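Reader: I am new to this structure and would like to know how its descriptions are justified. Could you take me through the terms as we go?

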Amino acid sequence: MRGAVVNLWIQERAAAPMTGVPRARAVANHGFEGCLHARPGKKRQVLLIDAETLDSFGIEPGRAKENVTTRGIAIQDLPGGSRVRLGTAVLEITGPCEPCGFMDSIRPGLREATIGKRGVLARVVEAGTVLIGDEVSVEGA
């Protein structure tokens, strides 16, 4: 399975919109440098969702609070424990992202509609740099 990074996002402070960035520095067991969600030991250090899923719900990239928007890979189908290489970083999928009430703030009913399609949570297992356009590949696949 291979895809590509089409957008990168960080959230600098609570309640702030996501900021699009051309590159992100993934810090081992932390997340993306400068992102509010980057914390040691968390299972949500990075949130990934594919553009095809966003398109199917009519959601603009970044609006679902993802850190990485991919294209060409059904990211939500990857099981926990899968390792994904983005640029020079390696992330480990920790599980699906369960939709929260925030999704209904985008559009009523979106929380329920996105169950099982909200992307995946990951932790950084190998530090590195991720650039827009970098290949996304599942290690060992």
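Reader: How much area does the chain expose, and what share of it do carbon and sulfur atoms supply?

Author: The chain exposes about 6500 Å², and 52% of that comes from carbon and sulfur atoms. Such areas come from the Shrake-Rupley method with a 1.4 Å probe, and for residues only the protein chains shown count as cover. Before we go on, please note that this is a predicted model, where local features need pLDDT of at least 70, side-chain atom pairs count only at pLDDT 80 or more, and totals for chains, interfaces and linings use all residues. Residues are numbered from 1 along each chain as its sequence is written, and side-chain values use heavy atoms, with hydrogens and water left out.

Reader: What makes the chain as compact as a globular protein of its length?

Author: Let's start with its elements: the chain has three helices and eleven strands. Helices (H or I, at least four residues) and strands (E, at least two) are DSSP runs, numbered from the N terminus. Along the sequence they follow the pattern β-β-β-β-β-α-β-β-β-α-α-β-β-β. The radius of gyration is 13 Å, close to the 14 Å of the globule rule for 141 residues, so the chain is as compact as a globular protein of that length. That radius is taken over C-alpha atoms, and the rule is 2.2 Å times the number of residues to the power 0.38.

Reader: Why is arginine 23 called exposed?

Author: Its relative accessibility is 55%, and exposed means over 50%, so arginine 23 counts as exposed. For the other classes, buried means under 20% relative accessible area and partly exposed lies in between (1.4 Å probe, protein chains only). By that scale, 46% of the 141 residues count as buried. Arginine 23 is found in strand β3.

Reader: Which residues does arginine 23 touch, leaving out those up to four places away in sequence?

Author: They are Leu8, Thr129, Val130 and Leu131, where contact means heavy atoms within 4.5 Å. Leucine 8 is 15 residues away from arginine 23 in sequence, with 6.8 Å between their C-alpha atoms.

Reader: How do you know that strands β3 and β10 pair?

Author: Two strands pair if DSSP finds at least two bridges between them. Strand β3 (residues 23–27) and β10 have four bridges, so they pair, and the sense is antiparallel. In one of these bridges, arginine 25 has threonine 129 in β10 as its partner. The open sheet here has three strands in the order β4-β3-β10.

Reader: What makes β4 and β10 edge strands?

Author: Each of them, β4 (31–32) and β10 (128–131), pairs on one side only.

Reader: Which strands does β9 pair with?

Author: Strand β9 (residues 120–126) is joined to β5 (residues 46–50) by three bridges, running antiparallel. Leucine 48 stands opposite valine 120 in β9. Strand β8 (residues 89–96) also pairs with β9 in the antiparallel sense, over six bridges, and valine 90 stands opposite glutamate 126.

Reader: What is notable about the phi of alanine 15?

Author: Most residues other than glycine have a negative phi. Alanine 15 has a positive phi of about 70 degrees although it is not a glycine. Alanine 15 sits in the loop between β1 (2–10) and β2 (19–20), and is exposed, with a relative accessible area of 80%.

Reader: Is asparagine 29 buried, exposed or partly exposed?

Author: Asparagine 29 has a relative accessible area of 35%, which is between the two cut-offs, so it is partly exposed. Its place is the loop between β3 and β4, and its phi, near 50 degrees, is positive too.
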